[in-house]
Amino acid sequence: MPIHEPALGDQRRKEVWRQCLSVGVATGAYAISFGALSVAAGLNLWQTIALSTLLFSGASQFAVVGIVAAGGSGAAAVATSTLLGLRNGLYGLQMSRLLGVSGLRRVAAAQLTIDESTAVGVAQPERSAQRLGFWGTGLAVFVLWNLLTILGAVVGNALGDPKRFGLDAAAPAAFCGLLWPRLRSGDARAVAAVSAVIALVVAPHSPAGIPVLVAALAAIVAGLLPTREPDDIGTLSTSPDEEPPG
Amino acid sequence: MTLWTTVLLASGLAFALKFLGYVVPHQLLDGPALSRVTAMLPVALLSALVAVQTFTGSGGGLTLDARAAGVAVAVTALLLRAPFLVVVILAAATAATLRALGWG
């Protein structure tokens, strides 16, 4: 970026860092349940860690282990994970304008592009704070997410039979937690209801993993129809510390 | 597909999507309809995952068991603004308790 930007004052810098770290801690905590569910689904420790470092997008990671646990095919797991990750591409589009990165920094920025880092970044009024917010949050979440994934996997391994401890109920509960903050608009609630019904209608007649993909059509139809609440479909929240990990 | 293939393929595609946002020309992907679809996709997928993982048994048939009670408790906890980890633990504890008592 050729435009001259004033440096952030100490006070603002501290404020932004505090936001980054609080979002990092709040989000990282979810990784404990991810690690536990992943080993309960039958992934080993290294596969669980690989998902957190390489995939690094909460909803997609939960979907992969959820579909594997339900006996779904690898193809269905990959397809669902990828559809869930589409929004990160859109975040990348927004962040590339604000960050102005190239080369290796662009690769790093892309990997750290998730709900939380984008939300904290775009919520800042000044350009330099936007960059600090994005990088600080992305790094804080990345470090804590990976450390707590390992903790969750080790605890999950020690527990043994997942059903005895209700881990098969923990997985849909985790998806509820991820879904909750996205249900603020009427349109979103309608899409959620329709897609749940579609999935349950399709489920008895198709292999595991497929009902969820069929239900995604509800989103595509809803997105292409004219919307009733044009400004409230919530791609990003302005209160990132209440958001679950993407 | 082996588990490793699934893990690495999902990871590779996830990164490709993130990176694509940084390299494609902005006007190419900027339509309002696309933004709406992108915002609604997680809602549809997550909601379908909740439904399927709560109400279907092995083979995809509809069942009602301890998981439904666990998820009902999770939704109540979310309505009461409980943190994520508490929501998940309450759901697991509910299902585990019901099973220990011999239900579901």
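**Exercise 1. Burial and shape of chain B**

Task: State what share of the residues in chain B is buried, then describe the fold and spread of the chain.

Solution:
- Step 1. In this predicted model, buried residues make up 49% of the 104 residues in chain B.
- Step 2. Take the secondary structure. Chain B has 4 helices and 0 strands. Along the sequence the pattern reads α-α-α-α.
- Step 3. Test the spread. The globule rule gives 13 Å for 104 residues, and the radius of gyration of chain B is 19 Å, well over that value, so chain B is more spread out than a compact globule.
- Step 4. Add the box. Along the principal axes, the C-alpha atoms of chain B fill roughly 60 × 40 × 25 Å.
- Step 5. Check the contacts. Of those in chain B with a separation of 6 or more, 34% join residues 24 or more positions apart.

**Exercise 2. The side of chain B that touches chain A**

Task: Work out how many residues of chain B are in contact with chain A, and which elements supply them.

Solution:
- Step 1. Count both sides. 65 residues of chain B are in contact with 88 residues of chain A.
- Step 2. List the elements of chain B that give two or more residues: helix H1 (3–23), helix H2 (32–55), helix H3 (66–79) and helix H4 (84–100).
- Step 3. Find the largest share. H2(B) provides it, with 22 residues.
- Step 4. Sort by character. This side of chain B divides into 45 nonpolar, 16 polar and 4 charged residues.

**Exercise 3. The largest nonpolar core**

Task: Identify the residues with the most contacts inside the largest nonpolar core, then follow Ala44(B).

Solution:
- Step 1. The core has 116 residues. Ala44(B), Leu45(B) and Ala91(B) have the most contacts inside it.
- Step 2. H2(B) gives the most to this core, with 14 residues.
- Step 3. Set aside the neighbours of Ala44(B) within four places in sequence. Ala44(B) is then in contact with Val191(A), Ser195(A), Ala215(A), Ala216(A), Ala218(A) and Ala219(A).

**Exercise 4. Helix H1 of chain A**

Task: Compare the reach of H1(A) with the expected span, then say which residues are buried and what covers them.

Solution:
- Step 1. H1(A) runs over residues 10–28 and has 19 residues.
- Step 2. From first C-alpha to last, H1(A) reaches 26 Å, close to the 27 Å expected at 1.5 Å a residue.
- Step 3. The buried residues in H1(A) are Val16(A), Gln19(A), Cys20(A), Val23(A), Gly24(A), Ala26(A), Thr27(A) and Gly28(A).
- Step 4. Their cover includes helix H2 (30–40), helix H7 (115–123) and helix H8 (127–159) of chain A.

**Exercise 5. Two loop residues with positive phi**

Task: Place Phe56(A) and Arg81(B), and decide whether each is buried or exposed.

Solution:
- Step 1. Recall the background. Most residues other than glycine have a negative phi.
- Step 2. Phe56(A) is not a glycine, yet has a positive phi of about 40°. For Arg81(B), also not a glycine, phi is positive at about 65°.
- Step 3. Phe56(A) sits in the loop between helix H3 (45–55) and helix H4 (58–69) of chain A. Arg81(B) lies in the loop between H3 and H4 of chain B.
- Step 4. Apply the cut-offs: 20 or more C-beta neighbours within 10 Å for buried, 12 or fewer for exposed. Phe56(A) has 26, so Phe56(A) is buried. Arg81(B) has 10, so Arg81(B) is exposed.

**Exercise 6. Val75(B)**

Task: Locate Val75(B), classify its exposure and give its distance to Leu85(B).

Solution:
- Step 1. Val75(B) lies in helix H3 of chain B.
- Step 2. Val75(B) has 16 C-beta neighbours inside 10 Å, so it counts as partly exposed.
- Step 3. Val75(B) and Leu85(B) are 10 residues apart in sequence. In space they are 13 Å apart, C-alpha to C-alpha.

Conventions:
Residues are numbered from 1 along each chain as its sequence is written. Chains are lettered from A and ligands numbered from 1 in the order in which they are written. This is a predicted model: local features need pLDDT of at least 70, side-chain atom pairs count only at pLDDT 80 or more; totals for chains, interfaces and linings use all residues. The radius of gyration is taken over C-alpha atoms; the globule rule is 2.2 Å times the number of residues to the power 0.38. Two residues are in contact if their C-beta atoms, placed from the backbone, lie within 7 Å. Ala, Val, Leu, Ile, Met, Phe, Trp, Tyr, Cys and Pro count as nonpolar, Asp, Glu, Lys and Arg as charged, and the others, Gly among them, as polar. A nonpolar core is a set of buried Ala, Val, Leu, Ile, Met, Phe, Trp, Tyr and Cys residues joined through C-beta atoms within 7 Å. The expected span of a helix is 1.5 Å times one less than its number of residues.
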